[in-house]
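User: I am new to this structure and would like a close look at a single part, the place where the chains meet. Please take me through that part in one connected account.

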Number of protein chains: 2
Amino acid sequence: MIKLNTNYLKGFVADHEIAYAEDGVNAAAALLDSKNGPGNDFLGWTTLPFDLTTNPEYVKEIELIKDSAKIIKKSSALLVIGIGGSYLGARAVIDLLKSPLYNNLKKDTPDIYYIGNSINPAYLNEVLSIIEDRDICINVISKSGTTTEPALAFRIIREKMIAKYGKDGVRDRIFCTTDKARGTLKKLADEEGYRTFVVPDDVGGRFSVLTAVGLLPMACAGIDIDAVIAGAQKAVEDTVLPYASNDCYKYAAVRNILYRKGKSVELMVSYDPAYAMMSEWFKQLFGESEGKDGKGLFPASVTFSTDLHSLGQFVQDGSNIMFETVIDIKTPKTDIFLENDKDNIDGLNFLTGQNMSMVNRKAFEGTVLAHTEGGVPNIIIEMDKIDEENVGYLIYFFEKACAVSGYMLGVNPFDQPGVEGYKNNMYALLGKPGYEEKRAELEKKLG
Amino acid sequence: MIKLNTNYLKGFVADHEIAYAEDGVNAAAALLDSKNGPGNDFLGWTTLPFDLTTNPEYVKEIELIKDSAKIIKKSSALLVIGIGGSYLGARAVIDLLKSPLYNNLKKDTPDIYYIGNSINPAYLNEVLSIIEDRDICINVISKSGTTTEPALAFRIIREKMIAKYGKDGVRDRIFCTTDKARGTLKKLADEEGYRTFVVPDDVGGRFSVLTAVGLLPMACAGIDIDAVIAGAQKAVEDTVLPYASNDCYKYAAVRNILYRKGKSVELMVSYDPAYAMMSEWFKQLFGESEGKDGKGLFPASVTFSTDLHSLGQFVQDGSNIMFETVIDIKTPKTDIFLENDKDNIDGLNFLTGQNMSMVNRKAFEGTVLAHTEGGVPNIIIEMDKIDEENVGYLIYFFEKACAVSGYMLGVNPFDQPGVEGYKNNMYALLGKPGYEEKRAELEKKLG
C-alpha cells in the first residue's frame with residue numbers, strides 16, 4: 001500500500017550508504033522487538049493493530065466505541081476536548097478521509113469542533129457561540145484529567161451542558177477517554193456515570209491514534225474504523241520484513257543518513273490540502289520522539305502547489321538545510337475533467353481533455369525535478385489512494401519508522417521530558433499550591 | 001502600538017552586539033530609502049499607506065473597493081481566487097480580526113472560501129458542493145491571469161456562474177484584481193464588463209496586502225479598511241526613526257545577528273489560533289524575500305500552548321538550531337471568567353476568580369522562561385490588542401523589517417527567481433506549446 005521511492009536521492013545518498021545502514025537499522029529494530037530499549041514501558045502500540053481484534057478487552061472496547069458513535073451521531077455537533085496526541089491523530093484522519101471542510105459539507109454525521117487544545121478564551125467563546133443552540137455531545141480525552149487545557153475546557157463546557165440538559169441528561173452526552181482506573185477524569189466519570197474509554201498505560205499520547213483516543217472521534221465522523229485497523233495490521237506484517245524489502249526501515253535509515261550529512265530540517269510535503277493535519281500529527285510524532293538531548297531533525301510541513309508560492313523560493317534556492325519527504329497520493333478522492341474553452345483567453349486549452357489530477361501530478365513531478373536540481377534531496381512515499389486501509393497503514397508505517405529512527409539516533413523515542421518545563425513554570429506562575437518557591441524565583445526572572 | 005522586547009535575548013545577544021549592528025541597519029535602510037538597491041522596481045509598498053489616502057488614483061480605488069464590498073455583501077458567499085501573495089494577506093487579516101472559524105460564526109457578512117491556491121481537484125469539488133445552492137460572488141486575483149492555479153479555478157467557476165446567472169448576470173458578481181492594463185485577466189474583464197482593481201506594477205505579491213489584493217476581501221468581511229490603513233500609516237512614521245528608537249530596525253538587526261551566530265530556523269510563535277494564518281503570511285514574506293543564493297533563515301510557525309504538546313519538546317530540548325519570535329498580544333478579543341467549582345475534582349480551583357486570558361499569559365511567561373533556559377533565544381513582539389489599527393501597523397512593521405533584513409543579508413528581497421523552476425518544469429510536462437524540448441529532457445529524467 002505504501003512504497004518508498006528513493007529515485008530522487010540520487011546524487012545525495014548513494015546506494016551503498018543505504019546498504020551500509022542495514023546493521024544500524026537491525027540493531028534499532030532488535031531493541032524495539034526485544035523490548036530492551038529505553039522507553040520500553042510504552043511499546044503497546046507495536047502490537048496494537050492485532051490486539052484490537054484478538055484481545056478480548058480491546059474487542060469489547062471497539063464494540064463500545066461503535067455503540068457510542070451511534071449515540072453521538074444523533075447529535076448535531078461533537079466537541080472533542082484534547083491536546084497534543086489526544087486530538088491530533090483523530091483530526092488528521094478525519095480531515096484526510098473526510099475533508100478539512102468537513103464541518104461545512106452536507107453530511108449525515110455531526111460537525112466536529114476541537115477544543116481544549118488552547119488556553120485562548122476568544123477561540124473557545126467562538127466555538128461556544130457556534131454550538132449554543134445545537135444538540136451536542138462531547139468526548140473529553142485526557143489520561144490524567146489534570147492537563148490544564150482540556151481540563152479547563154471540560155469544566156466550562158460541562159457546566160453549560162448540565163445547565164442545558166440536567167445532571168441526568170448529560171450522561172448520554174459526555175464520553176470520557178482516560179486512564180483505566182486512576183486520575184481525576186476517571187473518578188468524575190465513575191461518580192457521574194459517564195461512559196469511559198481507555199488510554200492504555202503502555203501507549204504514549206503521540207502513538208495513541210489507534211486506541212479509543214483516535215477511534216471514537218473517527219467513528220463519529222462516519223469512518224470505517226475496522227478498515228483503518230485492517231490497514232494497520234497489514235503494516236505490522238510488512239514492517240517486520242528483512243531490511244532489503246522493508247520500506248519502513250529504509251525510510252528510517254535514509255532520514256538518519258541525511259541528518260548525519262548535516263540536514264537539519266525534514267519538510268513534509270503533500271499536494272492535498274486534506275493532508276495538512278496529517279503533517280501536524282507527523283510533526284508531533286517525530287518532533288517529540290526525536291527532538292531531545294540536543295538532537296533531532298526539525299519537522300516542518302507545506303502543502304504544494306499552494307506553498308510553492310510562499311516557501312517554494314526558499315526550498316529551491318535558500319539555505320541548504322533541508323530535505324523533503326513527499327507523500328505522493330496516486331489517486332485523488334474526486335476529480336475534475338477539464339473542458340475546452342472556445343475563446344482560450346487564459347491560454348489554458350493545452351490542458352483540456354485531461355483530468356485536473358493530472359495537472360497536480362505534473363506539478364509534483366516538475367517540483368521534484370526542480371528541487372533536487374536545487375540541491376534538496378527528495379524522499380517519496382507513495383500511497384495508492386486515500387481510504388481507510390491506506391491511512392491505517394500509513395499511521396503504523398510512520399510510528400514504526402519513528403521508533404526505529406529514534407533508536408538509531410540514540411534517544412528514547414517514547415519520553416518527552418522537555419514538555420514539563422513550561423508546565424511547571426506555568427503552574428508556579430499561576431499560584432498552584434506546592435509551587436510557592438518556584439513562583440518567587442520565576443517572578444524575579446520576569447522582573 | 002508594536003514594541004520589541006529584547007529582555008529574553010540576554011545570554012544570547014549582548015547589548016553591544018545590537019549597538020554594533022546600527023551601521024549595517026542604516027546602510028540597508030539607506031539602500032531602501034534611496035531606491036538604489038536591488039529590486040528597486042518593487043518599492044511601491046514603502047509609501048503605499050499614505051498613497052492610499054493622498055494619491056487620487058488610490059483614493060478612487062479605495063472608494064471602488066468599498067462600493068464593491070457593499071454589492072458583494074448581499075451574496076451569501078464570496079470565493080477568493082488567488083495563490084501566494086494573492087490570498088495569504090487577506091486570509092491572515094480576516095482570520096485574525098474576525099476568526100479562523102469565520103465561516104461557521106453567525107454574522108451579517110458573506111462566508112469566504114479561498115480557492116485557486118491548489119490544483120487538488122477534491123478540494124475544489126468540496127467547495128463547489130458547499131456553494132452549489134448559494135448566492136455567490138467571486139474576487140479573482142492574478143496579476144497576469146495566467147498563473148495555473150487561479151486561472152484553472154476561475155475558468156471552472158466562471159463557467160458554472162454563467163450557467164447559473166447568465167452572461168449579464170455575472171457582471172455584478174465577478175470582481176477582478178489584476179494588472180492595470182495588460183494580461184489575459186484584464187483583457188477578459190474589459191471585454192465582459194467585469195469590475196477591475198489594480199495590482200500595482202511596483203508592489204510585489206507578498207507586499208500587496210494593503211492594495212486591492214488584500215483590501216477588497218477584507219472589506220467584504222466587514223473589516224474597517226480605513227483603520228487598517230491608518231495603522232499602517234502610523235508604522236510608516238515609526239519605522240523611519242533613528243535606530244535607537246526604531247523597533248523595526250532592531251528586529252531586523254537581531255534576526256541577522258542570530259543568523260550569523262548559526263541559527264537556521266526562526267519559529268514564529270503566537271498564543272492565539274486566530275494568528276496562525278498571519279504566520280503563514282509572515283512565512284511567505286520572509287521566506288520568499290530572504291531564501292535565496294543559498295542563504296536565509298527558514299521560517300516556521302507554531303500556535304502555543306497547542307503545539308507545546310507537539311513541537312514543544314523539540315524546541316525545549318532538541319537540536320539547537322532555532323530562535324523564537326513570539327507575538328505577545330496583551331488583550332484577547334474576548335475573555336472567560338473562571339468560576340469556582342465546589343467539588344474541585346479536576347484540582348483547577350487555584351485558577352478561579354481570574355480570567356482565562358491570565359492563564360494564557362502565564363503559559364506564555366512560563367514558556368519563555370523554560371525555552372530560554374533550554375538555550376533558545378526569544379524575541380518578543382508586543383501588540384496591545386487585535387484591532388484594525390494594530391494589524392495594519394504590524395503588517396507594515398514586518399514588511400519594512402523584511403526589506404531591511406534582506407538587504408543586511410545581501411540579497412534582493414524583492415525577487416523570487418526560484419519559483420520559476422517548478423513552473424517551467426510543470427508547463428513542459430503538461431505539454432504547453434513552446435516547451436517541447438524541455439519536456440523530452442524532463443521525461444527522460446523521470447524515467
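Analyst: What follows is an account of the interface between chain B and chain A, taken from a predicted model.

It helps to begin with how the copies are placed: a rotation of 180°, with 0.0 Å of shift along its axis, superposes chain B on chain A with an RMSD of 0.0 Å, and the two copies are thus related as by a two-fold rotation axis. Within chain B, the C-alpha nearest that axis belongs to B:Ala300, which lies 3.5 Å from it.

As for the meeting itself, 127 residues of chain B are in contact with 127 residues of chain A, and 100% of the interface residues of chain B are also interface residues in chain A, so the copies meet through the same surface. The area buried between the two chains is about 10,500 Å², with carbon and sulfur atoms giving 64% of it. On the side of chain B, the residues B:Arg155, B:Phe298 and B:His309 supply 8% of the area that this chain buries against chain A, which is more than any other three residues.

Turning to polar and charged groups, 44 residue pairs are found in polar contact across the interface, and 8 salt bridges are found there as well. One of the salt bridges joins the side chains of B:Lys106 and A:Asp133, at 3.9 Å from N to O.

Finally, helix H14 of chain B, residues 356-373, gives the most to the side of chain B that touches chain A, with 13 residues, while the residues of that side divide into 56 nonpolar, 45 polar and 26 charged.

Conventions:
Residues are numbered from 1 along each chain as its sequence is written. Chains are lettered from A and ligands numbered from 1 in the order in which they are written. This is a predicted model: local features need pLDDT of at least 70, side-chain atom pairs count only at pLDDT 80 or more; totals for chains, interfaces and linings use all residues. Side-chain values use heavy atoms; hydrogens and water are left out. Copies are superposed by least squares on the C-alpha atoms of residues with pLDDT of at least 70 in both. Contact means heavy atoms within 4.5 Å. Buried area is the accessible area (1.4 Å probe) that two parts lose on being put together, summed over both. A salt bridge is a side-chain nitrogen of Lys or Arg within 4 Å of a carboxyl oxygen of Asp or Glu. A polar contact is a pair of N or O atoms within 3.5 Å; within protein, one must be able to donate a hydrogen and the other to accept it, and residues adjacent in sequence count only if both atoms are side-chain atoms. Helices (H or I, at least four residues) and strands (E, at least two) are DSSP runs, numbered from the N terminus. Ala, Val, Leu, Ile, Met, Phe, Trp, Tyr, Cys and Pro count as nonpolar, Asp, Glu, Lys and Arg as charged, and the others, Gly among them, as polar.
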